[in-house]
Amino acid sequence: MKIQFIGATHEVTGSCTYLEINQFRILVDFGMEQGRDMYENAQIPCAPAQIDYVLLTHAHIDHSGLLPLLYAGGFHGEIHTTDVTVSLCSIMLRDSAHIQEFEASWRNRKAERKGEEPYVPLYTMEDAVGAISQLRPHKYEEKFQLCEGVEVRFIDAGHLLGSASIEIWATEGSETRKLVFSGDIGNLNQPLIRDPQYIDEADYVIMESTYGDRKHERPKDYVTAFAQVIQQTFDRGGSVIIPSFAVGRTQELLYFLRQIKERKLIKNYPDFPVFMDSPLAIEATSIFMRNQNSCYDEEALSYVRQGINPLTFPDLILATTPEESRAINFDKRRKIIISASGMCEAGRIKHHLKHNLWQSQNTILFVGYQAYGTLGRSLVEGADSVKLFGETVQVAAEIRQLAGISGHADVDGLTTWISHIQNPKRVFVIHGENSVMEHFVAHLQNDLKLKAYAPYSGTEFDPISDQILIEAVPKPIMKNKAGSKANTVYHRLLAALERLTGLIRRSEGRTNKDLARLTDQINQICNKWEK
Ligand SMILES: [Zn+2]
């Protein structure tokens, strides 16, 4: 039995852990890295085609975003997750493929003009559709047998609609170990969705630590604080631009805005329009509405019982087509624009920033986590100007952050979550920035007397013998994002090599005619590329 830590080790994005149980190869999450990459990740120690199963905690791209790449590399096994995550991934992975293809064609137009090499998208729509076809839905709390020696159960993590912690009962011979992956742990009293459920026992816990060094401010009334930002901006003649994650945060904002409208909290502009400018957010909102009975918390359900849809209100305008999106810029009313992506790295929000960032009457309101190295993080940290579509844009608008709404538990929430698990043998801490992790590991060791450890990518652990087999050292990289993407394309090539090696090994015993043909074909490829 083996656990190998691959991604989100001393980092916040790119979640991925590799397991070997009873000869089966299993990945838990395969997420995309977002923002600046700090450490080189170890490669998954086999070709994608040799992975038997994937278990997925939730739909966020930093947990699911590389599944199409895995499919493109030859993985055609099952991806098990909750039923709502299947619905959300079906739209999010398509959206991610669309972004990859769109960025590639945009870069290629520039590259062509400069006579540079063409840019290859990380994966295509076909790869995304392929990965989606492998998703297998489960209900929360339903224990099922994944394969011989491996039983699995998904528990509500209260972080996003459909999000789960994963319990794994792993048996080899007469030895069974229970592994628990926390996934992203939700915040208590998050709007709309239920609080995280707790787990009582585990031998080994692999847990997130995003906010492991801080306590969330809890404003008495989030709705009032939000309304104040809107009122101040409208009073000086501006609009409020909100970069927001299309899935999760956007629906929470709609939930609050409906209450602001209902309680008539904005003076002089009661009919202000709210533009939801994100096809993904629009589709995600309808998935939320379809799953209200199984996923909403008591407060949200009480609206539903009164016949109120808590996610919609008059003056909410949905922009689906690019024309509808562009038309927002010509609407001269004071307004709210909610658009993705949440860290301003891609999508329509970049256009809205270009149009609004340089005007001092506007407010850019951040409502979510901004990873290191993203455009959102530079704005929050006070950049005077930023680059958008190759153009320098001055930052004159007011930049604000609305604290107190977070999809992640703070240090108290994480502590409560881990405290429910009786005497785990070890706790592996992942999914946090370096300094945060150090702080959280020390807290687990000193205050909770747990055997806690933050592994670097490549670290291997044997749950049967309770031994760390390989203790990996950090491999820092300071490349920019484009560099790391090019790197990923090279990694695809390396994965193809692994696949070829496996194919050759398995070819022993085939007819001499087949072997000779394969040899000729490989030599032809080498001849072509060595020229
Ligand atoms: Zn998440």
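Colleague: Let's start in the middle of a sheet. In which sense do E13 and E15 pair, and over how many bridges?

Modeller: This is a predicted model, so read everything here as a prediction. The general idea is to count bridges, since at least two are needed before two strands count as paired. Here E13 and E15 are joined by four bridges, in the parallel sense. You can pick out one of the rungs: Met-276 has Ile-338 of E15 as its bridge partner.

Colleague: And on the other side, how many bridges join E13 to E14?

Modeller: Three, and these two strands also run parallel. Met-276 turns up again, with Leu-318 as its bridge partner in E14.

Colleague: Which way do the residues of strand E13 point, and are they buried or exposed?

Modeller: For burial, you count neighbours: a residue with 20 or more other C-beta atoms within 10 Å of its own is buried. In E13, which covers residues 274-277, Val-274 and Met-276 point one way, while Phe-275 and Asp-277 point the other way. All of them are buried.

Colleague: Now the whole sheet, please. What is the order of its six strands?

Modeller: Read across the sheet rather than along the chain, and you get E14-E13-E15-E12-E16-E19, an open sheet with parallel pairing. The edges are E14 (316-318) and E19 (398-401), and each has a single partner strand, so one side of each lacks a neighbour in the sheet. Ignoring direction, neighbouring strands are turned by 20° against each other on average.

Colleague: How many bridges hold E12 and E15 together?

Modeller: Four, again in the parallel sense, between residues 240-243 of E12 and residues 336-339 of E15. Look for Ile-241, which stands opposite Ile-337 in E15.

Colleague: Going on from there, over how many bridges do E12 and E16 pair?

Modeller: Two, in the parallel sense, which is enough because the cut-off is at least two bridges. Val-240 has Thr-363 of E16 as its bridge partner. E16 also pairs with E19 in the parallel sense, over four bridges, and there Thr-363 stands opposite Glu-398. As for its side chains, Thr-363 and Leu-365 point one way from E16 (residues 363-366), Ile-364 and Phe-366 point the other way, and all are buried.

Colleague: There's another sheet, with seven strands. What is their order?

Modeller: E7-E8-E9-E10-E11-E20-E21, and this open sheet has mixed pairing. E7 (144-147) and E21 (452-453) stand at the edges with a single partner strand each, so one side of each is left without a neighbour in the sheet. Try E11 next: residues 204-207 pair in the parallel sense with residues 426-429 of E20, over four bridges. One of the partners to find is Val-429 in E20, opposite Met-207. On the E10 side, residues 175-181 of E10 pair with E11 in the parallel sense over three bridges, and Val-180 has Val-205 as its bridge partner in E11.

Colleague: Which residues point one way from E11, and which the other way?

Modeller: Tyr-204 and Ile-206 go one way, Val-205 and Met-207 go the other, and all are buried.

Colleague: On to helices. At what angle do H3 and H7 pack?

Modeller: H3 (residues 83-114) and H7 (residues 279-290) pack at about 175°, with axes 10 Å apart. Angles over 145 degrees count as roughly antiparallel, so H3 and H7 are roughly antiparallel to each other. From H3, Ser-87, Leu-88, Ile-91, Met-92 and Asp-95 meet Leu-280, Glu-283, Ala-284 and Ile-287 of H7. By class, that contact has six nonpolar, one polar and two charged residues.

Colleague: At what angle do H5 and H6 pack?

Modeller: About 80°, between residues 222-235 of H5 and residues 249-262 of H6, and the axes are 10 Å apart. That makes H5 and H6 roughly perpendicular to each other. H5 brings Tyr-222, Val-223, Phe-226 and Ala-227 to the contact, and H6 brings Phe-256, Gln-259 and Ile-260. By class, the contact of H5 with H6 has six nonpolar, one polar and no charged residues.

Colleague: Last one: into which domains is the protein divided?

Modeller: Domain 1 takes in 2-214 + 407-478, and domain 2 takes in 222-401. Their centres, taken over C-alpha atoms, are 28 Å apart. Where they touch, 21 residues of domain 1 are in contact with 23 residues of domain 2. The side of domain 1 that touches domain 2 has twelve nonpolar, five polar and four charged residues.

Definitions and conventions:
Residues are numbered from 1 along each chain as its sequence is written. This is a predicted model: local features need pLDDT of at least 70, side-chain atom pairs count only at pLDDT 80 or more; totals for chains, interfaces and linings use all residues. Axes are lines fitted to C-alpha atoms, for helices over the stretch in contact, and angles run from 0 to 180 degrees between N-to-C directions. A residue is buried if 20 or more other C-beta atoms lie within 10 Å of its own, exposed if 12 or fewer, and partly exposed in between; C-beta atoms are placed from the backbone. Angles under 35 degrees count as roughly parallel, over 145 as roughly antiparallel, 65 to 115 as roughly perpendicular and the rest as oblique. Two residues are in contact if their C-beta atoms, placed from the backbone, lie within 7 Å. Ala, Val, Leu, Ile, Met, Phe, Trp, Tyr, Cys and Pro count as nonpolar, Asp, Glu, Lys and Arg as charged, and the others, Gly among them, as polar. Domain bounds come from an automatic or database domain assignment.
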